[in-house]
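Please open the structure in your viewer and keep the selection tool at hand. The tour below moves from one selection to the next and says what is to be found at each stop.

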Amino acid sequence: MYQKFLDQFTDFVFVEQAPAASDIIFIPGNGYPQMAERAAALWREGMAPLILPSGRFSTLTGHFSGVQARQELYPGPYETEWAFLRDVLLKNGVPDSSILREDTATYTYENAIQSRKLTDSLGLTIRRAILCCHAWHARRCMLYYQLLFPEAEILVCPSDTGINRENWHQTGEGIDLVLGELERCGGQFHLILREI
């Protein structure tokens, strides 16, 4: 019975789809390079012509908290999550002309909101998008971006940054992250659903 509970939590949080030709690749703000590296690989494969990293810094810290992995490849310094993600994309073969700029968002829902405002201001029609995020953050990211892009198919192509569907329940950090995502999906959508 215990395994059934784990499987249900795992299947809800760890969403993943196969990539397909899309109009854009979204990257919610963070300090890990893996998501932007994955986005760059998908761009090089011709999956989308544009990439939109989004993020200033976390509202919790009030500043960019720094590179959280592979600092030797991306020493910075960076003032925003967008500047960091842009550098990762550039160093992985994506030209500046394919990288859009959104450097005001300070939390995940705002990443989606500001990304929609930017694509609308540029007159872009998004029918399908790839979303590159943490594996453990996949469901909530998908919900936010799907809410802001209801006419688009959102394909989640997450990156493993240490906490994944196989190991999340084996450490206190993993349990806190994944169950915290479940709590936030419920807690944050109380307000969102009332506003719709």
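## Salt bridges, cysteines and the whole chain

A search through the whole of this structure, which is a predicted model, finds 10 salt bridges. Several of them make good stops for the beginning of the tour.

Select Arg165 and Asp11 to begin with, and display their side chains: the two residues form a salt bridge in which the closest N and O atoms are 2.7 Å apart. This pair links distant parts of the chain, since Arg165 lies in the loop between strand 4 (153–156) and helix 6 (172–195), while Asp11 belongs to helix 1 (residues 2–13), and the two are 154 residues apart. If you then turn on the surface, you can ask how much of each partner is accessible: Arg165 is partly exposed, with a relative accessible area of 33%, and Asp11 is also partly exposed, with a relative accessible area of 46%.

Next, select Arg101 and Asp103, whose side chains meet in a salt bridge with a distance of 2.9 Å from N to O. Here Arg101 counts as exposed, at 52% relative accessibility, whereas Asp103 is partly exposed, with a relative accessible area of 22%.

For the third stop, select Asp120 together with Arg116, and look for the salt bridge between their side chains, which is 2.9 Å from N to O. Both residues sit in helix 4 (residues 108–121), and because they are 4 residues apart there, about one helical turn separates them. Asp120 counts as partly exposed, its relative accessibility being 44%. Now add Glu151 to the selection, and you will have a network of salt bridges that links Arg116, Asp120 and Glu151.

Leave the charged residues and turn to the cysteines, by selecting Cys132 and Cys157. How many disulfides does the structure hold? The count comes to 0 disulfides. Cys132 takes part in none, and the nearest cysteine sulfur, which belongs to Cys157, is 5.8 Å away. The reasoning here needs one cut-off, namely that two cysteine sulfur atoms must lie within 2.5 Å to count as a disulfide; the sulfur of Cys157 is 5.8 Å from the closest cysteine sulfur, in Cys132, and is therefore too far away for a bond. With the surface switched on, are these two residues buried or exposed? Cys132 counts as buried, at 0% relative accessibility, and Cys157 likewise counts as buried, at 0% relative accessibility.

Finally, clear the selection, show the protein chain as a cartoon and colour it by secondary structure. The chain has 6 helices and 4 strands, and if you follow it along the sequence, the pattern that appears is α-β-α-β-α-α-β-α-β-α. Zoom out until everything is in view: the C-alpha atoms fill a box of roughly 50 × 40 × 35 Å, taken along the principal axes. The radius of gyration of the chain is 16 Å, which agrees with the value near 16 Å that a compact globule with 196 residues would have.

Two further views help to complete the picture. If you colour the residues by accessibility, those that are buried make up 50% of the 196 residues in the chain, and the area that the chain exposes is about 9600 Å², of which carbon and sulfur atoms supply 53%. If you display contacts instead, and consider those between residues at least 6 apart in sequence, 77% of them join residues at least 24 apart.

Definitions and conventions. Residues numbered from 1 in each chain as written. Predicted model: local features only at pLDDT ≥ 70, side-chain atom pairs only at ≥ 80, totals over all residues. Heavy atoms only, no water. Buried < 20%, exposed > 50% of the residue type's maximum accessible area, 1.4 Å probe, protein only. Salt bridge = Lys/Arg side-chain N within 4 Å of Asp/Glu carboxyl O. Rg over C-alpha atoms; globule rule 2.2 N^0.38 Å. Contact = heavy atoms within 4.5 Å. Areas by Shrake-Rupley, 256 points an atom, 1.4 Å probe, with all protein chains shown as cover.
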